[in-house]
Amino acid sequence: MFNRTVMFAKQHTPNHLRVRARRTLLEAHNARIRLTVPVAERCEYVNIYHCAVRKTASQWVKSVFSDPIVYRHSGLLTYDPRYYDWRDPRVCPPNRIALSLFFPKKRFDAIPKPERYRAFFVYRDPRDMVVSSYFSTKDSHGPMGDVIEVRKVLRELPKKEGLLFLIDDLAKKGRFNALRSWVLAPEDEAVRLIKYEDLTGIRQTEEVDALMRHCGITIPRPELETLLDKYSFSAMNRKKGAGEVSHYRKGEAGDWRNHFDDDIQEAFQKAAGPKLVERLGYQVHDSAA
């Protein structure tokens with residue numbers, strides 16, 4: 001009952017109050033880390049930018065990079081531009097990790113950046129992104145943007161019609177085009193593209209280690225394993241408490257197969273555009289079909 005009450009309160013709190021509360025919590029978190037965690041090694045880069053589209057584990061990435069272990073081995077605190085009235089065109093102040101920028105590549109390229117920076121873009125099978133967006137928007141996502149309006153529509157429709165509606169909605173919001181803009185961009189040594197499935201798969205430790213090293217952060221293996229154990233999906237779901245609708249759900253690659261039929265697949269192909277799935281490196285057809 002308590003968890004459901006908390007969820008109701010979160011979903012019905014005005015956005016400006018939610019932003020103010022999160023800003024306060026983030027600054028308190030950063031102040032506590034700065035005072036209590038000694039820096040063992042400082043990162044050579046002035047800024048690190050986490051770029052993504054929604055439903056690619058951005059909350060998980062934020063939790064990992066905000067942990068004291070990462071600060072100990074980088075000296076960089078985190079910064080979420082959504083929670084600040086930051087008018088500087090740089091988007092993120094110096095010596096911070098920007099979490100998260102939901103920008104297409106062209107917009108990211110346009111923002112002023114320091115000479116020494118690193119960025120990474122997390123992407124995901126867009127069909128799984130659709131399914132994750134459906135359940136999150138319908139059940140658990142905080143009331144930012146037009147979530148409340150879309151949630152009302154999804155709760156009034158059967159699942160199939162809801163998925164069809166959401167595919168069209170995501171296309172209108174440019175989610176599929178944003179994915180395409182990053183994967184088709186020229187290679188840049190400052191920018192690393194990484195699959196959600198690699199960040200959450202069986203080689204997670206190796207993938208996260210490679211990502212951290214790209215960002216100029218070297219974490220000893222025992223500490224890295226401690227960090228990843230702390231933020232495993234199962235651990236994060238336990239923190240939310242039994243009985244609460246999980247914002248993380250299963251996080252399974254290929255879950256779209258449990259929800260797409262031929263009509264939904266056809267609508268997705270039309271909305272996402274030609275060869276998006278193939279260009280992202282995913283299997284186009286269901287091998288089990």
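Biologist: Which residues line the second largest cavity?

Modeller: The model is a predicted one, and in it the second largest cavity encloses about 30 Å³ of space. Its lining is formed by Trp60, Val61, Val64, Phe65, Leu199, Val208 and Leu211.

Biologist: Which element gives the most residues to the lining of the second largest cavity?

Modeller: Two elements, H3 and helix H11 (204–214), each give two or more residues to the lining of the second largest cavity. By class, that lining has seven nonpolar residues, with no polar and no charged ones. The element that gives the most, with four residues, is H3.

Biologist: How many cavities of 30 Å³ or more does a search of the whole structure find, and what is the volume of the largest?

Modeller: When the whole structure is searched for cavities of 30 Å³ or more, two are found. For the largest cavity, the volume comes to about 40 Å³.

Biologist: Which element gives the most to the lining of the largest cavity?

Modeller: The lining of the largest cavity consists of His29, Asn30, Ile33, Phe65, Ser66, Asp67, Tyr71, Leu76, Leu77 and Thr78, and by class it has five nonpolar, four polar and one charged residues. At least two residues of this lining come from each of H2 and S2. With three residues, the element that gives the most is H2.

Biologist: Is Asn30 buried or exposed?

Modeller: Asn30, which is one of the residues lining the largest cavity, lies in helix H2, spanning residues 15–36. Its relative accessible area is 1%, and because anything under 20% falls in that class, Asn30 is buried.

Biologist: With which residues is Asn30 in contact, leaving aside its neighbours within four places in sequence?

Modeller: One partner can be placed by its spacing, since Asn30 and Leu77 are 47 residues apart in sequence, yet their C-alpha atoms are 6.4 Å apart in space. Once the neighbours within four places in sequence are set aside, the residues in contact with Asn30 are Leu77, Thr78 and Arg96.

Biologist: How many residues apart in sequence are the parts that Lys62 and Asp80 tie together?

Modeller: Lys62 and Asp80 form a salt bridge in which the closest N and O atoms are 2.7 Å apart. Lys62 belongs to helix H3 (residues 58–65), whereas Asp80 sits in the loop between strand S2 (77–79) and strand S3 (96–101). Lys62 counts as buried at 14% relative accessibility, and Asp80 is buried as well, with a relative accessible area of 2%. The pair therefore ties together parts whose separation in sequence is 18 residues.

Biologist: By about how much of helix H5 are Lys105 and Asp109 separated?

Modeller: Lys105 forms a salt bridge with Asp109, and the closest N and O atoms are 2.7 Å apart. In accessibility, Lys105 counts as buried at 10%, while Asp109 counts as partly exposed at 44%. Because the two residues are four apart within helix H5 (residues 105–110), the separation is about one helical turn.

Biologist: How many salt bridges does the structure hold?

Modeller: A further example is the pair Asp139 and Lys138, whose side chains meet in a salt bridge at 3.6 Å, N to O; Asp139 is partly exposed at 24% relative accessibility, and Lys138 is partly exposed at 23%. Elsewhere, salt bridges that share partners join Asp146, Asp169 and Lys173 into one network. For the structure, the number of salt bridges is 15.

Biologist: Which helix gives the largest share of the largest nonpolar core?

Modeller: The largest nonpolar core has 41 residues, of which Tyr49, Leu101, Phe108, Val130, Phe176, Leu179 and Phe268 touch the most other members. The largest share of this core is five residues, and it comes from helix H6.

Biologist: Which residues does Phe108 touch, not counting residues up to four places away in sequence?

Modeller: Phe108 is among the residues that touch the most other members of the largest nonpolar core. Not counting residues up to four places away in sequence, Phe108 touches Tyr49, Cys51, Leu101, Phe103, Lys113, Tyr117, Ala119, Trp182 and Val191.

Biologist: How many residues does the other core, with Ala57 and Trp60 among them, have?

Modeller: This core lies apart from the largest one, and its members include Ala57, Trp60, Phe120 and Met212. Trp60 is also one of the residues that line the second largest cavity. The size of this other core is 29 residues.

Definitions and conventions
Residues numbered from 1 in each chain as written. Predicted model: local features only at pLDDT ≥ 70, side-chain atom pairs only at ≥ 80, totals over all residues. Heavy atoms only, no water. Buried < 20%, exposed > 50% of the residue type's maximum accessible area, 1.4 Å probe, protein only. Contact = heavy atoms within 4.5 Å. Salt bridge = Lys/Arg side-chain N within 4 Å of Asp/Glu carboxyl O. 1 Å grid on protein atoms, 1.4 Å probe; cavity = no way out; pocket = protein on both sides within 12 Å on 5 of 7 lines; lining within 4 Å. Points joined across faces, edges and corners; volume = space filled by probe spheres on them. Nonpolar A, V, L, I, M, F, W, Y, C, P; charged D, E, K, R; others polar. Core = buried A, V, L, I, M, F, W, Y, C linked by side-chain atoms within 4.5 Å.
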